[in-house]
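Colleague: Could you pick one part of this model, go through it closely with me, and then show how it connects to the rest? I'm happy with a long answer.

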Amino acid sequence: MKTNLFAAGALAALSLTSSAAAAVIVAPVSVSVASGGTVGSFWTVDRTIDQSGLSVGYTAGVTDFDAYLAQGVTHSGALNTEWQSNQSSRSASLVFDFGREVTLYKLALWDENNTVQRTMSISTPSRGLVGSFSPAENPVIQRSEVFAFAPITTRYLTLDINGCGNDQEDHSASWCGVGEIIFADGSSVGGVPEPATWAMMIMGFGGIGATLRRRRQTLATA
């Protein structure tokens, strides 16, 4: 009985933990260009978070991050659906404002299909550099790439883009660009179990305790 109760409590806790760890998409409320500028009115930076070029839409705070990407979501790269920096820029910085503190642990990027970015890095005001990555070129249609990092809690996230326009292929523009970017909620990743998980764990261990007490009483009266 003790083993069965323990197993039941552990399995329930694991099940709830798995459910809590399912990450939803977290959306910034705004984004601004800190450096690099914008090439023209067609390529404003808000296009990087407004879903304008995505083949499938999502609901921030509701849509599961991994399930969404599993649909093979693409970005069209059409005019008025992406951001591009000034033509003279070989680097740029974008600052995302989430409107409140959020915990993030990965992002998905649809790299702009006519520009080349050698490296990108993310940083926060309190943590500084969080991580760096190198996105793949999307010469025709934009497909997402996912980049994970240790969970960070912040309101502002800076994306630094470097080495723009170094590809000599005909399709490559000589400046920076981003199609779309989404972020995953990391509040339940590697953190403290949520209240529902604690409740089930307590119930499981409470059942074990009750069984042990009954067993001791039986032994005492035997």
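Modeller: Let's start where Thr-124 finds its bridge partner in E7, namely Gly-128. Labels such as E7 are for DSSP runs numbered from the N terminus: helices are H or I runs of at least four residues, and strands are E runs of at least two. Keep in mind that this is a predicted model, in which local features need pLDDT of at least 70 and side-chain atom pairs count only at pLDDT 80 or more, while totals for chains, interfaces and linings use all residues. Residues are numbered from 1 along each chain as its sequence is written, and side-chain values use heavy atoms, with hydrogens and water left out.

The Thr-124 bridge belongs to an antiparallel pairing of E6 and E7, made over 5 bridges; two strands count as paired if DSSP finds at least two bridges between them. The link from E6 to E7 is a hairpin of 3 residues. E6 also runs antiparallel to E8, again joined by 5 bridges. There, Thr-119 is matched with Asn-162 of E8. Of the 6 residues of E6, 5 are buried, so this strand is largely enclosed by the rest of the structure. Buried here means under 20% relative accessible area, exposed means over 50%, and partly exposed is in between, using a 1.4 Å probe and protein chains only.

Now follow the chain into E8, where Thr-158 sits. Thr-158 counts as buried because its relative accessibility is 19%. Setting aside neighbours within four places in sequence, its contacts (heavy atoms within 4.5 Å) are Ser-93, Leu-94, Val-95, Ser-121, Ile-122 and Ser-123.

What surrounds Leu-159 once neighbours within four places in sequence are left aside? Its contacts are Ala-92, Ser-93, Leu-94, Phe-96, Met-120, Ser-121, Ile-122, Phe-133 and Ile-181. As background, nonpolar side chains tend to be buried together in soluble globular proteins. A nonpolar core is taken as a set of buried Ala, Val, Leu, Ile, Met, Phe, Trp, Tyr and Cys residues joined through side-chain atoms within 4.5 Å. The largest one in this model has 28 residues, and Leu-159, together with Phe-96, Leu-104 and Leu-107, touches the most other members. At least two residues of this core come from each of E5, E6 (119-124), E7 (128-133), E8 and E9. E5 gives the largest share, 8 residues. Another core lies apart from this one; it has 13 residues, including Ala-23, Phe-65, Ile-182 and Ala-184.

Polar links also tie E5 to other parts. A salt bridge means a side-chain nitrogen of Lys or Arg within 4 Å of a carboxyl oxygen of Asp or Glu, and the whole structure has 3 of them. In one, the side chains of Asp-97 and Arg-155 meet at 2.8 Å, N to O. This pair links distant parts of the chain, with Asp-97 in E5 and Arg-155 in E8 (residues 142-162), 58 residues apart. Asp-97 is buried at 13% relative accessible area, whereas Arg-155 is partly exposed at 32%. In another, Asp-66 meets Lys-106, also at 2.8 Å from N to O. Asp-66 is in helix H2 (residues 65-69) and Lys-106 in E5 (residues 91-111), so the pair ties together parts 40 residues apart in sequence. Here Lys-106 is the buried partner, at 10%, and Asp-66 is partly exposed, at 40%.

Beyond E8 there is 1 disulfide, taken as a pair of cysteine sulfur atoms within 2.5 Å. Its partners are Cys-164 and Cys-176, with sulfur atoms 2.0 Å apart. The torsion about their S-S bond is about 95°, so the disulfide is right-handed. Both cysteines are in the loop between E8 and E9 (177-185), 12 residues apart. Cys-164 and Cys-176 are both buried.

Finally, a word on confidence. pLDDT is the predictor's confidence in each residue, from 0 to 100; the chain averages 81, and 71% of the residues score at least 70. Residues 1-20 fall below 50, and this stretch has 21 contacts in the model beyond near neighbours in sequence. Residues 191-198 are below 50 too, with 8 such contacts.
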